[in-house]
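Open the model in your viewer and keep the selection tool at hand. The tour goes from the whole chain down to single residues.

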Amino acid sequence: MFEAFLADHGYPHAPGGEHKPWVIAHRGYSGVAPENTLVAVEAARVLGSDWIEIDIGISADGTPIVLHDTTLNRTTSATGTAAQMSDERISLADAGSWLGPGFIGQRVPKLRTVLANLADFDGNLLLEFKDDWSPGAIAQVADDIMATGMADRMILQSFSTATLTAVRDLIPMVARGLLRMVPRPEDKTLAADLDVTFYNPSRRGFFLRQALLEEFMAEGYGCLVWTSNVPADWERLMAAGVHGIITDQPGRLQGYLTAKYDAD
C-alpha cells in the first residue's frame, strides 16, 4: 500500500531520519489566491508544496473543470450550476475579482490546463472528485491524465464509493484515497474493497477518532488530514504520525516544519 507508494514518490526526511509530513496546498494556495484557479496552483507550486489539492466538477459539455461547488455563485462573477453550463459560458466567468482587484481575469480552469501546467513544472496533484461521477465522466478525466502524462504524480480521492469504484476500474494505475468527515470502523472493509492507498479524514474526525486512524496507518494506509491551518493542530498531527497535512496556509506550514526539523 503506502510503502510501495513511498518507494515511487519519496518522503520528506528530517535530520536523524525522521519523516516530516507532506505540505499539501488546499485548493492551491487558497490562503493568498483565489481557490482552485491557475494562479493559486502556480503559487503553491512555486512555494514548493509537496502536493497541490484541487477539486473538480464537470460542465454541460462534459469537460472536467476545477471547481469546488456545484454552482459558480460563490467563487465567480457568474451564477448557475456548472453541470448545466457550457464551456464557453464558464470561460467568461471571472473567478478572481471577489478576492481583490489584482486577481481580476482569473478563470475557472479546465482540468487539462492544470495538469499540463504541473506536468511542465514537476508538480504533484491531489485531485478530489466532488459528488458522484459516472464512468463516462471519469473516462474524460482519464483522457486528460493520459494526455498530460501525470498518472504517476497524482492521487485521486472522493467521499463517493461509486466514484472510487469507477476510478479503480478505469484508472487503476493512479493512487486513490477515501475521504471521510469522521472515520468509521466499517471503512476498513470498504478501503480494502476499493484498494485505496490513502484514508483521508477531516481534522475534526481525526481528533475524534485518533485511535482508529492510528489503526489505519498501522495497517499500511497513508493518512492526509484536511483542513488544518494552526500550529497547535500541526503539532498534534505530527505527533500522531500523519503523512500529510492539507492546509490553506502552506507557506506557514512550511515555515513551521523548517523551524521544527531543519533549523540549526
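What follows is a walk through a predicted model, one selection at a time.

**Stop 1: the whole chain**

Select everything and show it as a cartoon. The secondary structure comes to 11 helices and 9 strands. The radius of gyration is 18 Å, close to the 18 Å that the globule rule gives for 264 residues, so the protein is as compact as a globular protein of that length. Switch to the C-alpha trace and align the view with its principal axes. The trace spans about 50 × 45 × 35 Å along them.

**Stop 2: surface and interior**

Now turn on the surface. The protein exposes about 11,000 Å². Carbon and sulfur atoms supply 51% of that area. Then colour by burial: 52% of the 264 residues are buried.

Draw the contacts next. Take those with a sequence separation of 6 or more. Residues 24 or more positions apart account for 57% of them.

Colour the charges last. There are 21 positive and 34 negative ones. How far apart are the mean positions of the two sets? They are 5 Å apart.

**Stop 3: the annotated span**

Select residues 21–257. An unreviewed UniProt entry annotates this span as "domain: GP-PDE". Helix makes up 38% of the span, and strand 18%. Pick the C-alpha atoms at its two ends: they lie 9 Å apart.

**Stop 4: Ser160**

Zoom to Ser160. It lies in the loop between strand 5 (154–158) and helix 6 (161–170). Is Ser160 buried or exposed? Its relative accessibility is 8%, under the 20% cut-off, so Ser160 counts as buried. Show its contacts, leaving aside neighbours within four places in sequence. Asp131 and Asp132 are the partners of Ser160. Then draw a distance to Leu178, 18 residues away along the chain. The two C-alpha atoms are separated by 8.1 Å.

**Stop 5: Leu115**

Move to helix 4 (residues 111–121), where Leu115 is found. Leu115 has a relative accessible area of 0%, so this residue is buried. Which residues does Leu115 touch, not counting those up to four places away in sequence? Select Leu125, Asp144, Ile145, Thr148, Met150 and Met154 to see them. Finish with one more distance. Ala151 is 36 residues from Leu115 along the chain, and their C-alpha atoms are separated by 9.9 Å.

How values were computed: Residues are numbered from 1 along each chain as its sequence is written. This is a predicted model: local features need pLDDT of at least 70, side-chain atom pairs count only at pLDDT 80 or more; totals for chains, interfaces and linings use all residues. Side-chain values use heavy atoms; hydrogens and water are left out. Helices (H or I, at least four residues) and strands (E, at least two) are DSSP runs, numbered from the N terminus. The radius of gyration is taken over C-alpha atoms; the globule rule is 2.2 Å times the number of residues to the power 0.38. Buried means under 20% relative accessible area, exposed over 50%, partly exposed in between (1.4 Å probe, protein chains only). Contact means heavy atoms within 4.5 Å. Accessible areas come from the Shrake-Rupley method with a 1.4 Å probe; for residues, only the protein chains shown count as cover. Lys and Arg count as positive and Asp and Glu as negative; His and the chain ends are not counted. The place of a charge is taken as NZ of Lys, CZ of Arg, CG of Asp or CD of Glu. UniProt positions are given in the numbering used here, feature names are shortened, and annotations may be inferred rather than shown by experiment.
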